[in-house]
Amino acid sequence: MIVEELALPGLFLVRPEPHADERGFFARTHCEEEFAGHGLIGRFAQSSVSFNHRRGTVRGMHFSREPHAETKLVRCTSGAIHDAVVDLRPGSPTYLRTEQVTLSAHNRHALYIPAGLAHGFQTLMDETEILYMIDRPFVAAAADGLRWNDPAFALSWPEPVTVIAPRDLAFPDWAGR
């Protein structure tokens, strides 16, 4: 697999390198040892699935506050998503900057999202499923978020929004925090 750091420090795109033959192919999607070689967390405490019926569904922008901030490895296993992250780490050289990538069942890429980044996505197809591997158990009291269309971040969403949770609509603007 290829582990490529993106513009935000600690944010990595993980691309499998398929070994193909007449049956199809085989590829590693995660390796604790290889992740450690890049300074990444490679051991995950839980896995979760997000299934989304409709194209245009937006989930996010979610994060967990310290001391329960989560590192995630996110992969789209069915369909496709436009994935977005915002750097919320005050000491980071890319504080409040964003990064956006496409993850799909077709490209099989994963996004390694370190603790301290807000994360969200929009589905690009009906019946889209996302697999999350998370380094620690979820703590509901630490869960927080940014509004998906907060003007402070100018995230661009490629589709009209068809579904979004009331909780995600209610997050305050960053300027009001």
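1. In what order do the six strands of the open sheet run, and is the pairing parallel or antiparallel? In this predicted model, the order is 1-2-10-7-12-5, and the pairing is antiparallel. The edges are formed by strand 1 (2–5) and strand 5 (46–52), each of which pairs on one side only. With direction ignored, neighbouring strands of this sheet are turned by 20° against each other on average.

2. At the strand 1 edge, the partner is strand 2 (residues 12–15), and the two pair in the antiparallel sense over four bridges. As a point of register, Ile-2 stands opposite Arg-15 in strand 2.

3. Turning to the interior, the largest nonpolar core comprises 17 residues, and those with the most contacts inside it are Leu-11, Val-85, Leu-103, Leu-111 and Ile-113. At least two residues of this core are supplied by each of strand 7 (72–78), strand 8 (80–87), strand 9 (98–104), strand 10 (110–113), strand 11 (117–123) and strand 12 (128–134). Strand 12 gives the largest share, with three residues. In general terms, nonpolar side chains tend to be buried together in soluble globular proteins.

4. Leu-111 merits a separate look: once its neighbours within four places in sequence are left aside, Leu-111 is in contact with Leu-6, Leu-11, Phe-12, Leu-13, Lys-72, Leu-73, Val-74, Asp-83, Val-85, Val-101 and Leu-103. Two of the names in that list, Lys-72 and Asp-83, should not be overlooked when these contacts are inspected.

5. Apart from the largest core lies another one, of 13 residues, including Phe-63, Val-86, Leu-146 and Leu-155.

Terms used:
Residues numbered from 1 in each chain as written. Predicted model: local features only at pLDDT ≥ 70, side-chain atom pairs only at ≥ 80, totals over all residues. Heavy atoms only, no water. Core = buried A, V, L, I, M, F, W, Y, C linked by side-chain atoms within 4.5 Å. Buried < 20%, exposed > 50% of the residue type's maximum accessible area, 1.4 Å probe, protein only. Contact = heavy atoms within 4.5 Å. Pairing = 2+ DSSP bridges. Axes fitted to C-alpha atoms, helices over the stretch in contact; angles between N-to-C directions.
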